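Trainee: I would like a close look at one residue of this chain and at the part of the fold around it. Please start from the residue and work outwards.

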Amino acid sequence: MSNTAISVEGLSKLYRIGVAEERHESLLSASIDAMKRPLKNFRKLWRLDTSRSGAEEEDDLLWALRDVSFEVPRGEVLGVIGRNGAGKSTLLKVLSRVTAPTAGRVVVNGRVSSLLEVGTGFHPELTGRDNIYLNGTILGMTKREIDGKFDEIVEFSGISKFLDTPIKRYSSGMKVRLAFSVAAHLEPEILIIDEVLAVGDYEFQRKCLGKMESLAHDASNNRTVLFVSHNMGMMRSLCTRGVVMRQGQLGFSGPIEEAVEFYEQEFAQIAQHGLVRLPDDPSLPMQFHEVCVADGSGQPTDSVDLFEPATLLIRYKVRESLQGVNLGFSLTYRGTKILGSFDTDEQPELLQHRAPGDYEVRIELPTGILKAGLYTINFSCGRPNGAQMIHRLDDFIQFEIKESFDLSLKSYSVQRPFFVATRLNWERAEVDLPAVT
C-alpha cells in the first residue's frame, strides 16, 4: 500500500459567477443582444469546460483554485490555513469528491469521511437514528460497523433524548454534534474537517478537540486528517504540517510552526490598517461599513501603548427590521481568541428589535492588561450560538500593543513575559519583623 494518502497535482477549479446585468438603452440593442445570447452562453460554457489560459480575463469567471500541488503522507495531520476566500473550502470539497476539478489530478488512497457543512449527508425528514445509519452508509460503512459504534456516537453527540426526532427539527448545533460524532467514530482512513465546530457550544467544542487530539496523536491508527481553522493555537496543537492558501494558490507548505509564521507575517503586511472601509453590499440586511482602532486622541492607528487608552470604532448599517440579532467582536492573540463581547450584553433590548438605520459604536479596549504583541480583531453580526451568520470578518484588523522603555528614574518599564500584563496596586510600608530563632 502506498505511503501517500493524498496526492494533488496541478489542481485547478474554475467557477462561473454572476455579474451585473447589462442594461440596454434601446429596443434595437436589446433585440440584437437577445439574438447573440445563445452564442455568448455557449462560449462561456466552452471556456469554463476547457479552462483556456485567457479565461481569467473574463469578468464572470473565477479561479477558486489555480495549479495547486502537494502530497499528504499517510498518518499525517495537515492544517489548511488561509484568509476567507483563499480557496480552503473549495480544496476540501474537491478532495472529498463533492465537486470535480476543472484541471489537474487528485489521488486519494483510502476511505474518506468529510465534515464540511452542518448537516451534510443528512435527510431532514429522517430521525437522528436513521441519519446515523444513512450517513455512515454514505461514508462507506457496513451496517455491522455502524451497529458496533452506534452507542458511542449517540453518547458523544449528547442528543439521545432527540434520537427519534426528525433532523429538520434539530438546531444547527444539534446537527453539527451528530455530524461530527458520526464522522469521528466510524474510523475512516482519511478525515477531512472544515471549520464547522464553531457552531457547537463551548462544551462540545472541547469534546471535539479532545477527540481530534486523540486521533492526531494516536500513531497506531495511521489516520490522515485534514483540518481547516482560523485558530492558529489549535493548528499548532493538532497539526504536524501546514499548507497556506492565498487567492486560490499554494503559498507555503511545510512544518506547522513555519506555516503559521508564514501566514501571520503575510497577514501583518495585508491587515495592518488603522482604518478599513468596506464596499456596500445591498444584499446584506446588516453590514459592517467602517472599522478602526483609535488611539487616545481618536486617531486611527495600528499601534497603541500598553498603558494608553485605545478604542475600537465600528460603523454599520441595518437595512431592514431585525430580531434576535447581535453584534460581536473578539480579540485574537497568536491564533487564540482571548477576549470577546456582544452589544446585547449591555443592551438586551437590541436582541428583540433592531431598527433600520446607520449606527456607530465605540468599545473601550482594556489597557494595562494585555501583554505587548500583535493582536487581530474579528467581527460578526448574526443570531446567537451560530444559528445564522449575516456578516462576518475574520482576522480583519491587526494592531500592535507596544510597551515603552523609559530608563529614567521616573518611569522604568521591563518586558513582561506574562499573558496578562496588568499593573497591580503595590503598597509599601516599613514594619518591624519578629526575630527568627
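Mentor: What follows starts at N378 and moves out to its strand, the neighbouring strands and then the whole chain.

This is a predicted model. N378 sits in strand β17, which covers residues 373-383. Is N378 buried or exposed? Its relative accessibility is 5%, and because the limit for buried is under 20%, N378 counts as buried. The side chain of N378 has a polar partner: a contact of 2.8 Å links it to the side chain of T332. T332 also appears among the residues that N378 touches once those up to four places away in sequence are set aside. That list falls into two stretches of numbering, with G328, F329, S330, T332 and K337 before β17, and L393, D394 and D395 after it.

The residues L393, D394 and D395 lie within the span of strand β18, residues 388-402. β18 is a pairing partner of β17: the two are antiparallel and share ten bridges. Within this pair, I377 is set opposite I397 of β18. I377 directly precedes N378 in the numbering. In a regular strand, side chains point alternately to one face of the sheet and the other.

β18 also pairs with strand β12, residues 303-305. Here the strands run parallel, and three bridges join them. One position in this pairing is S303, which stands opposite E400 in β18. β18 therefore pairs in the antiparallel sense with β17 and in the parallel sense with β12, since at least two bridges are needed for a pair and both cases meet that limit.

Now the wider chain. The count is nine helices and 18 strands. Of the 437 residues, 43% are buried, and N378 is one of the buried ones. Among contacts with a separation of 6 or more, 72% are between residues 24 or more positions apart. The contacts of N378 with G328 and F329 join residues well separated in the numbering.

Elsewhere, the largest nonpolar core has 42 residues, and those touching the most other members include I81, I132 and L178. Helix α5 (172-185) is one of the elements that give two or more residues to this core, and its seven residues are the largest share. I132 touches, among others, I146, F150 and L178. A second, separate core has 31 residues, including V291, L306, I314 and L365.

Notes: Predicted model: local features only at pLDDT ≥ 70, side-chain atom pairs only at ≥ 80, totals over all residues. Heavy atoms only, no water. Helix = DSSP H or I, 4+ residues; strand = E, 2+ residues; numbered from the N terminus. Buried < 20%, exposed > 50% of the residue type's maximum accessible area, 1.4 Å probe, protein only. Polar contact = N/O pair within 3.5 Å; in protein donor to acceptor, adjacent residues only side chain to side chain. Contact = heavy atoms within 4.5 Å. Core = buried A, V, L, I, M, F, W, Y, C linked by side-chain atoms within 4.5 Å.
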